[in-house]
Amino acid sequence: MNANRRTVIKTSGAMATLVALGIVTAQQAHAAGRPGFEARSLQDALRAVGGTPAATDQIRIVSPDIAENGAVVPVGVSSTLPNTTELFILVERNPVPLAAAFTIPRGTEPDIQTRVRMGESSNIVAVARSDGRLFSAVKETKVTLGGCGG
Amino acid sequence: MSTPMRIRAVEEGGVTTVRVLMAHVMETGVRRGADGAPIPAHYINQVEATHNGRNVLSANWGAAVSQNPFLAFRFRGAAKGDRVAVRWTDNRGGTRTDEAAIT
């Protein structure tokens, strides 16, 4: 556990130094080792995650049709595709569309709930990796008050 | 010292449902303060959950997960009384681990 702390602090420190020197942007530093989190468009995020997913009705997105508060939008994603090993949640119109990436080990259900910020009304795109291939489903959630602040 | 996570883990019919509420500002880095300067990003970017030391979920998050993050997931193979631990790490190297017994 101590080794992990030191590694994380060392890595953060190294990245912080690179950011300070202007060699790496803050955005890239956040995204280091985490594919897709630097992408600023849905297409780039999907490419980073592994390509263009095939549309499927075997991914279910549970989210409000209309969210009053874009800062806290409950989103549930579940997959009935075989051997789903990863689930991704993207908000198409957010400045950084990839919101969350989950790795699902054997024994864990591919069924996740969380809450995301939506800057504006947007498609929520859920992607699943099933037997190594990407599939996606889309649901639109309208937002009354955008949730990114600023 | 960060605020403890609230973790509820309930086993029924062989499936354990875990619900976690984490306390974290989840600052996106997009907001500006009163002086107009951007408030630096500060958000949980990694989460790991374990059951008796075995990984049952890993997550990478961006700044778009809401403040005081909520997370729910389900897994098989646990029994009442087993421990579930959740660890989060944020983009500044902050980290916190909490655990709960499955009821």
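This note walks through a predicted model, from the fold of chain A to the contact between chains A and B.

1. **Overall make-up of chain A.** Chain A has 3 helices and 9 strands. Read from the N terminus, the order is α-α-α-β-β-β-β-β-β-β-β-β. The helices therefore precede the strands in that order, as the string α-α-α-β-β-β-β-β-β-β-β-β shows.

2. **Burial and contact range in chain A.** Chain A is 150 residues long, and 37% of them count as buried. Take the contacts in chain A between residues at least 6 apart in sequence. Of these, 62% join residues at least 24 apart.

3. **The side of chain A that touches chain B.** Here 33 residues of chain A are in contact with 31 residues of chain B. Three elements of chain A give two or more residues each to this side: α1 (2–20), β6 (98–103) and β7 (108–116). The largest share comes from β7(A), with 8 residues. Sorted by class, this side of chain A has 17 nonpolar, 10 polar and 6 charged residues.

4. **A sheet with strands from both chains.** Look next at the open sheet of 6 strands. Its order is β2(A)-β4(A)-β7(A)-β5(B)-β2(B)-β1(B), and the pairing is antiparallel. Which strands stand at the edges? They are β2 (59–62) of chain A and β1 (6–12) of chain B. Each has a single partner strand, so one side of each is left without a neighbour in the sheet. Neighbouring strands of this sheet are turned by 15° against each other on average, direction ignored.

5. **One pair inside that sheet.** Strand β4 of chain A covers residues 73–79 and pairs with β7(A). The sense is antiparallel, and there are 6 bridges. To find the pair on screen, start at Val73(A): it stands opposite Val116(A) in β7(A). Strand β7(A) is also the element that gives the largest share of the side touching chain B.

6. **A second strand pairing across the chains.** β6(A) pairs with β4(B) in the antiparallel sense, over 4 bridges. Ala101(A) is a useful marker, as it stands opposite Asn60(B) in β4(B). Strands of a sheet pair through backbone hydrogen bonds, either parallel or antiparallel.

7. **β3(B) and its two partners.** Within chain B, strand β3 (residues 44–51) pairs with strand β6 (residues 83–90) in the antiparallel sense over 7 bridges. His51(B) stands opposite Val84(B) in β6(B). β3(B) also pairs with strand β4 (residues 54–61) of chain B, again antiparallel, over 6 bridges. There, Ala49(B) has Leu57(B) of β4(B) as its bridge partner. What do β3(B) and β4(B) form? They form a hairpin, with 2 residues between the strands. Asn52(B), in the turn, has a positive phi of about 45°.

8. **A loop residue to inspect.** Leu81(A) sits in the loop between β4 and β5 (84–91) of chain A. Is Leu81(A) buried or partly exposed? Leu81(A) has 15 other C-beta atoms within 10 Å. A residue needs 20 or more to be buried and 12 or fewer to be exposed, so Leu81(A) is partly exposed. Beyond its neighbours within four places in sequence, Leu81(A) is in contact with Thr56(A), Gln58(A), Ala128(A), Ser130(A) and Phe135(A). Asp131(A) is 50 residues from Leu81(A) in sequence, yet the C-alpha to C-alpha distance is 8.7 Å.

Terms used:
Residues numbered from 1 in each chain as written. Chains lettered and ligands numbered in written order. Predicted model: local features only at pLDDT ≥ 70, side-chain atom pairs only at ≥ 80, totals over all residues. Pairing = 2+ DSSP bridges. Contact = placed C-beta atoms within 7 Å. Nonpolar A, V, L, I, M, F, W, Y, C, P; charged D, E, K, R; others polar. Axes fitted to C-alpha atoms, helices over the stretch in contact; angles between N-to-C directions.
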